[in-house]
Amino acid sequence: MQKKRLGILTSGGDCPGLNAAIRAVVSHASLTYGWEVLGIPYGTRGLSGRKPPIELSTCDGRGVDPLLATGGTILGSASKGYSGESVEAILTGYEALGLNAIVAIGGDGSLRIVADLAERGGWNFIGIPKTIDNDVGLTESAIGFDTATNTVVDALQRLSSTAASHDRVMVVETMGRTAGHLALHSGIAGGADAILIPEVPYSIDSVCQKIHDLKILQQRHFALVVVAEGAKTLSGESRQYTDAQGNTRLRGIGDYISDGIYHRLGDRVEVRVTVLGHVQRGGMPSAFDRILASSFGRVAVDLLAAGKSGRVVVWRAGDVESVPISELCAHCPRLVDPQGSFLATARGLGTYLGEFSPVFERASAARLQQSELTASQV
Ligand code: F6P
């Protein structure tokens, strides 16, 4: 009987852990089921025949498999689902490669695109979610999020010592698109004094109030403000610009917040801005991302072996499950729940999180009153 041939591709923005997922798919497919695995380069571009496929095999056993620990993707990726290739070329390319099934590792946009192609072409398809934004629906974690969170926490740790040495306010801009998971999780773990996320509008006045409170009430002359690139003002504005190709990109919120603080507090505080940018997408995957990627890869192969298709693997309550792609897409993007536990935790730590909760606002007003009293007494 002819060997089954499985294709695997990565699509959308890269992140740490993609190679660990590729490794798991290749190992399990070849060792457990005896299938061949073809790496499809640069997402759908490779399917259209514009790039030759890569034969993938398991590590030769002479050392530690580098795929487990390296960032990026050995297959390459295109940041958009399509890169100009026609649907017909992709469907023909898939047939020409003699594939029996495809595993796509991507964010919600890319997974949707490949699932759509799979439906048109009648392909067997399983999706694996990845993104440092962690905004894919129905999964508590996507590959790359944990590592990116650790990267931001590491940066916060480094910035807090220099902030303390110079009595400065450090504004740290994170990625995340329209979701605040990365800023919120890293802000909690990194001890941020204010965390501004797209889901909860912020007020610069309140950020300044927080800085003032820290000084007056806690005699702390430095502060860490973490701001997600998509954070919005009370009137719903985020900071964006249009690049030379006409794409709208989120950029500039860190400087905007810094200027806002300066305009209100003037020389009473010194502010510096760090934009972490694509640093958040690089580096070695964390232990959790390696486990997640390996588990996702293993289950993706088992699903195909069991004749399942059109599904995406997800992480729930410490284990892998799978859901139909249509169900997953109906829950995208997955945003931070303003009533959820993580915001409650940050609030419990006294972090300024935006202007969403009457209870929080009342507490802020009381603190302000108290700090004014204290200030007038000194
Ligand atoms: O979706 C992942 C992400 O890193 C976002 O957080 C960010 O806004 C975007 O991709 C950056 O995209 P690019 O790599 O195309 O600049």
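**Figure 1. Close-up of Ser-11 and the side-chain contact with Ser-110 in the predicted model.** The side chains of Ser-11 and Ser-110 form a polar contact of 3.4 Å; a polar contact is a pair of N or O atoms within 3.5 Å, where, within protein, one must be able to donate a hydrogen and the other to accept it, and residues adjacent in sequence count only if both atoms are side-chain atoms. Ser-11 belongs to the loop between β1 (5–10) and α1 (18–33); helices (H or I, at least four residues) and strands (E, at least two) are DSSP runs, numbered from the N terminus. With a relative accessibility of 4%, Ser-11 counts as buried, where buried means under 20% relative accessible area, exposed over 50%, and partly exposed in between (1.4 Å probe, protein chains only). From C-alpha to C-alpha, Ser-11 and Ala-96 are 20 Å apart in space, and they are 85 residues apart in sequence. Residues are numbered from 1 along each chain as its sequence is written, and side-chain values use heavy atoms, with hydrogens and water left out. As this is a predicted model, local features need pLDDT of at least 70 and side-chain atom pairs count only at pLDDT 80 or more, while totals for chains, interfaces and linings use all residues.

**Figure 2. The ligand and its surrounding residues.** The ligand is surrounded by Ile-132, Asp-133, Met-175, Gly-176, Arg-177, Glu-229, Arg-249, His-278 and Arg-281; a residue is near a molecule if one of its heavy atoms lies within 4 Å of it. This shell comprises five charged, two polar and two nonpolar residues; Ala, Val, Leu, Ile, Met, Phe, Trp, Tyr, Cys and Pro count as nonpolar, Asp, Glu, Lys and Arg as charged, and the others, Gly among them, as polar. A polar side-chain atom of Glu-229 is 2.6 Å from a ligand oxygen atom, and a backbone N or O atom of Gly-176 is 3.1 Å from a ligand oxygen atom. For Arg-249, a side-chain N or O atom lies 3.5 Å from an oxygen atom of the ligand. Of the 400 Å² of accessible area that the ligand has on its own, the protein covers 75%; accessible areas come from the Shrake-Rupley method with a 1.4 Å probe, and for residues only the protein chains shown count as cover.

**Figure 3. Contacts of the buried acidic residues Glu-85 and Asp-193.** Glu-85 is located in the loop between β3 (54–56) and α3 (87–96), and its relative accessible area is 8%. The side chain of Glu-85 makes polar contacts with the side chains of Thr-44, at 2.5 Å, and Arg-50, at 3.1 Å. Asp-193, in the loop between α6 (181–190) and β7 (194–196), has a relative accessible area of 7%. The side chain of Asp-193 is joined to that of Arg-220 by a polar contact of 2.4 Å.

**Figure 4. Backbone geometry at Asn-134, Leu-138 and Pro-333.** Asn-134 has a positive phi, near 55°, although it is not glycine. Asn-134 lies in the loop between β5 (125–129) and α5 (145–166) and is buried at 2% relative accessibility. Leu-138, in the loop between β5 and α5, has a positive phi near 65° and is buried at 18% relative accessibility. The peptide bond between Cys-332 and Pro-333 is cis, with omega about -10°. Pro-333 is in the loop between α10 (325–329) and α11 (341–348).
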